[in-house]
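I opened the notebook to look up three things: ring pairs, helix packing and empty space. The entries follow in that order.

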Amino acid sequence: MKEYKVPYCTIIISLATFAYSLFVCYEINGAFYGRMKIIQLEEYGGITFEHLKNFEFWRLFASQMIHRGQLHMLYSVLSLLVLGIFIERHVNFVQFFSIWFVPGAIGTLVSTLSVDPPWNLGTGASQATFGVAAFGLVLAVKKIENSWKFYGVLLFSLIPALTLDFIYAGYPKPGHVTGFVVGALLGLTYLKFKRPGELMAGRLRSG
């Protein structure tokens, strides 16, 4: 009998991102849907290395929840949600939060290096989504999470974002690449220190 595990961390992060993005959009535009200029997001969590020098560490978290456009936000939230439903079967609440937060924070900071001020504010959840997807890809390669549904989720989370990168930039954005690499390293580290019995329990939950 399959054991179902409620993905609490995934749900909380997804709802928080959705709610905060709607709030920020309403504060700026007076409506819950619309596009914003990147410089308008600084007040709400947009981040640069200068902010870290001023010990504004809250931005590492908030920057991943705000978006210039709500369509981008909805895609990021949906990607995270479907990824988390599968991945959180294998990790606990704190581990999943780290899989989301660490690649997202590092990737968001790296994304600011290729843009001139004052437009170099790091925002958005896509860097974190790439990190979570990379962690999931490691599980898939190692046959820990092995289903066609999950392969479809990985493609849904990566292909559209990469396609837009090539359309608008001509190459994968540095923040996305960084988030992906950090997520993959976290996946490999997770497998290295996970006991075989715990991995088997995760396989049983994924059915």
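**Aromatic pairs**

I counted the aromatic pairs and got twelve. The model is a predicted one, and I kept that in mind throughout. I then picked out one pair, Tyr 20 with Phe 23. I found the two rings stacked, at 6.1 Å centre to centre and with 20° between the planes. The planes count as stacked because the cut-off is under 30 degrees. How far apart are Tyr 20 and Phe 23 in helix 1? They are three residues apart in that helix (residues 8-29), so about one helical turn separates them.

**Helix 6 against helix 7**

Next I looked up a helix pair. I noted that helix 6 spans residues 126-141 and helix 7 spans residues 148-168. Their packing angle is about 145°, and the axes lie 10 Å apart. I logged the crossing as left-handed. From helix 6, I listed Thr 129, Phe 130, Ala 133, Gly 136, Leu 137 and Ala 140 in the contact. Helix 7 answers with Phe 150, Tyr 151, Leu 154, Ser 157, Leu 158, Ala 161 and Leu 162. Sorted by class, this contact holds ten nonpolar residues, three polar ones and no charged ones.

**Largest pocket**

I moved on to the open space. The largest pocket came out at about 1200 Å³. I found 40 residues in its lining. Which of them lie nearest the centre of the pocket? They are Arg 68, His 72, Ser 126, Lys 173 and His 176. Helix 4 (70-87), helix 6, helix 7 and helix 8 (174-193) are the elements that each give two or more residues to this lining. Helix 4 gives the most, with seven. By class I recorded 16 nonpolar, 20 polar and four charged residues in the pocket lining.

**Largest cavity**

Last, I checked for enclosed space. How many cavities of 30 Å³ or more does the structure hold? I found one. The volume of the largest cavity is about 30 Å³. I wrote down its lining as Ser 14, Thr 17, Ser 76, Val 77, Leu 80, Ala 125 and Thr 129. Helix 1 and helix 4 are the elements that give two or more residues here. Helix 4 contributes the most to the cavity lining, with three residues. The class split of this lining is three nonpolar, four polar and no charged.

I closed with a cross-check of names. Thr 129 appears in the cavity lining, and Thr 129 is also on the helix 6 side of the contact with helix 7. Helix 4 gives the most to the pocket lining, and helix 4 also gives the most to the cavity lining.

Conventions:
Residues numbered from 1 in each chain as written. Predicted model: local features only at pLDDT ≥ 70, side-chain atom pairs only at ≥ 80, totals over all residues. Heavy atoms only, no water. Axes fitted to C-alpha atoms, helices over the stretch in contact; angles between N-to-C directions. Helix = DSSP H or I, 4+ residues; strand = E, 2+ residues; numbered from the N terminus. Left-handed = near helix turned anticlockwise from the far one by under 90°. Contact = heavy atoms within 4.5 Å. Nonpolar A, V, L, I, M, F, W, Y, C, P; charged D, E, K, R; others polar. 1 Å grid on protein atoms, 1.4 Å probe; cavity = no way out; pocket = protein on both sides within 12 Å on 5 of 7 lines; lining within 4 Å. Points joined across faces, edges and corners; volume = space filled by probe spheres on them. Phe/Tyr/Trp six-rings, centres within 6.5 Å; stacked < 30°, edge-to-face > 60°.
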